[in-house]
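Work through the exercises below with the sequence and the 3D structure in view. Try each task before you read its solution.

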Amino acid sequence: MTSNYRRGSDFERKVMDVLRQRGFLCVRSAGSRSPVDVVAWNPAVTLLVQCKADGRMRAADRARLLAWAQDGMALLPVLAAKAGRGTVEFIAIAEDAARDTVIDLENPTWLCERKECRHRTPND
């Protein structure tokens, strides 16, 4: 039988694989008990990722993740969740849960709608 820890760590590694395929460098914070499971960055943005296979985040965990993101500059709090058929969905976490946004890592223009934007187009 697979333990909850093992299922969680397997999902964190899956999230890192997906992020790496999209050009991010990643570090996993295994066993840290912090609100951040994976830190991923590229030249445009740094993601603080909480991995939840079921996509559910407790209010306290959400508040801690948002607090960590506000401590730094250009840090984007993200929930990674299973989306079916082995895919992962990335959701930018907002102060108000109703404003959470699914993000498309293939198209960086979503960054320009957020204060964390460091994305530059070839014409900039």
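The exercises that follow deal with a pocket and with salt bridges in a predicted model.

**Exercise 1.** Describe the largest pocket by its volume, its lining and the elements that contribute to it.

Solution.
Step 1. Rolling a probe the size of a water molecule over the atoms shows where empty space is left.
Step 2. The largest pocket holds about 740 Å³ of space. Its lining consists of 26 residues, and Glu12, Asp37, Gln50, Cys51 and Lys52 are the closest to the centre.
Step 3. Two or more lining residues come from each of α1 (4-21), β3 (46-51) and α2 (59-71). The element that gives the most is α1, with seven residues.
Step 4. Sorted by type, the lining has 12 charged, eight polar and six nonpolar residues.

**Exercise 2.** Find the distance between the side chains of arginine 6 and aspartate 10, and say how these residues are placed in helix α1.

Solution.
Step 1. Side chains of opposite charge can pair when their charged atoms come close.
Step 2. For arginine 6 and aspartate 10 the N to O distance is 3.1 Å, and the two side chains meet in a salt bridge. The cut-off for a salt bridge is 4 Å, so this pair passes.
Step 3. Arginine 6 and aspartate 10 are four residues apart in helix α1, so about one helical turn separates them.
Step 4. Arginine 6 has a relative accessible area of 48% and is partly exposed. Aspartate 10, with 36%, is partly exposed.

**Exercise 3.** Is arginine 56 buried or exposed, and with which residue does arginine 56 form a salt bridge?

Solution.
Step 1. The relative accessible area of arginine 56 is 62%. Exposed means over 50%, so arginine 56 is exposed.
Step 2. Its salt-bridge partner is aspartate 54, and the closest N and O atoms of the pair are 3.1 Å apart.
Step 3. Aspartate 54 has 47% relative accessibility and counts as partly exposed.

**Exercise 4.** Where in the chain do aspartate 100 and arginine 62 lie, and is arginine 62 buried or exposed?

Solution.
Step 1. The side chains of aspartate 100 and arginine 62 form a salt bridge, with 2.6 Å from N to O.
Step 2. Aspartate 100 lies in the loop between β5 (87-92) and β6 (101-103), while arginine 62 belongs to helix α2. The two are 38 residues apart, and the pair links distant parts of the chain.
Step 3. Buried means under 20%, so arginine 62, at 15% relative accessibility, counts as buried. Aspartate 100, at 25%, counts as partly exposed.

**Exercise 5.** How many salt bridges does the model have in total?

Solution.
The count comes to five salt bridges.

Methods. Residues numbered from 1 in each chain as written. Predicted model: local features only at pLDDT ≥ 70, side-chain atom pairs only at ≥ 80, totals over all residues. Heavy atoms only, no water. 1 Å grid on protein atoms, 1.4 Å probe; cavity = no way out; pocket = protein on both sides within 12 Å on 5 of 7 lines; lining within 4 Å. Points joined across faces, edges and corners; volume = space filled by probe spheres on them. Nonpolar A, V, L, I, M, F, W, Y, C, P; charged D, E, K, R; others polar. Buried < 20%, exposed > 50% of the residue type's maximum accessible area, 1.4 Å probe, protein only.
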